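Please work through the exercises below with the sequence and the coordinates open beside you. Each task is followed by a solution that goes step by step.

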Amino acid sequence: MNALCFAPAEPPAVAVAGSAARFPVHRIYCVGRNYAEHAREMGRDPTLEPPVFFMKPADAVVANGTAVPYPPATENLHHEIELVVALKSGGSNIPQHEALGHVFGYAVGNDLTRRDLQNAAKARGGPWDAAKGFDHSAPLAALRPVAAGHVSTGRIWLTVNDELRQQSDVADMIYAVPQVIAALSQLYELKPGDLIFTGTPAGVGPLRVGDRIEGGIEGLETLRHTIAAAAHGTRT
Ligand code: MN
């Protein structure tokens with residue numbers, strides 16, 4: 001193989017509960033509007049919608065317990081607590097009944113969103129990339145391997161400064177994990193290392209500098225992070 005022009009960035013990876021080994025991240029896929037109440041709060045009719053997919057860059061992952069800098073170009077940063085599925089294998093056109101066999105584990109993630117940019121994109125019919133796929137936009141707790149069981153039910157919640165903002169049950173997802181994997185694999189060849197944020201329940205809202213966020217799903221490691229002052233411009 002020819003030499004690289006410069007040393008590549010460290011490959012993004014996330015922690016695995018009960019293991020020193022880390023899960024290398026290939027891609028981050030996300031599902032939009034996967035809980036009926038949240039679809040309604042975003043002004044959509046959940047009964048009429050096929051699953052909506054978008055992506056974040058793999059290096060948007062942020063380790064649990066980290067201060068996330070308030071991102072640039074927004075005045076309306078929102079939290080979205082979500083069940084995250086991690087894949088150990090992949091493929092195209094995966095049938096629903098085989099989908100869970102590709103799962104490595106599950107984690108709690110926060111799909112941070114620049115809501116003002118998303119609303120502007122929706123109004124223009126433009127892409128969501130800048131609203132969803134920005135730096136540090138995917139805080140994630142440790143993955144729990146499937147040996148401890150799959151996650152198809154259980155309380156999902158998020159607090160900001162100890163005030164409850166989001167609460168639902170994973171069983172209320174419109175598209176369950178096997179359906180999400182099957183539908184995604186019709187669009188993309190899934191690979192080991194893919195993460196899938198599966199959508200957020202109702203109650204999304206703004207975050208401010210200094211806020212302390214906690215989010216959980218029954219049986220998984222709780223996600224905790226703060227929002228720090230905006231990072232000053234850096235040069236690399
Ligand atoms: Mn989301």
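The exercises that follow treat the overall fold, one strand with its neighbours, a helix and a metal site.

The model is predicted, so local features need pLDDT of at least 70 and side-chain atom pairs count only at pLDDT 80 or more, while totals for chains, interfaces and linings use all residues. Residues are numbered from 1 along each chain as its sequence is written, and side-chain values use heavy atoms, with hydrogens and water left out.

**Exercise 1. Determine how the radius of gyration of the protein stands against the globule rule.**

Begin with the inventory: the protein has 5 helices and 18 strands, where helices (H or I, at least four residues) and strands (E, at least two) are DSSP runs, numbered from the N terminus. The radius of gyration is 17 Å, close to the 18 Å that the globule rule gives for 236 residues, so the protein is as compact as a globular protein of that length; the radius is taken over C-alpha atoms, and the rule is 2.2 Å times the number of residues to the power 0.38. Finally, buried residues (under 20% relative accessible area, 1.4 Å probe, protein chains only) make up 48% of the 236 residues.

**Exercise 2. Establish which strands pair with β3, and in which sense.**

Strand β3 covers residues 28–32, and 5 of its 5 residues are buried. Ile28, Cys30 and Gly32 point one way from β3, whereas Tyr29 and Val31 point the other way. Pairing requires that DSSP finds at least two bridges between two strands. Strand β4 (residues 52–56) runs antiparallel to β3 and is joined to it by 5 bridges, with Val52 as the bridge partner of Gly32. Strand β15 (residues 195–197) pairs with β3 in the parallel sense over 3 bridges, and there Ile196 is the bridge partner of Tyr29.

**Exercise 3. Identify the elements against which the buried residues of α5 pack.**

In helix α5 (residues 177–187), the buried residues are Val177, Val180, Ile181, Ala182, Leu184 and Ser185. Taking contact as heavy atoms within 4.5 Å, these residues pack against β3, β4, β8 (81–87), α2 (96–99), β9 (103–110) and β15.

**Exercise 4. Find which residues coordinate the manganese ion.**

Donors are N, O and S atoms within 2.8 Å of the metal (3.2 Å for Na, K and Ca), and since water is not among the atoms, sites may look incomplete. The ion is coordinated by Glu80 (OE), Glu82 (OE) and Asp111 (OD), at 2.0 to 2.1 Å. Glu82 lies in strand β8 and Asp111 in the loop between β9 and β10 (113–114), so the pair ties together parts that are 29 residues apart in sequence. Both Glu82 and Asp111 are buried.

Terms used. Buried < 20%, exposed > 50% of the residue type's maximum accessible area, 1.4 Å probe, protein only.
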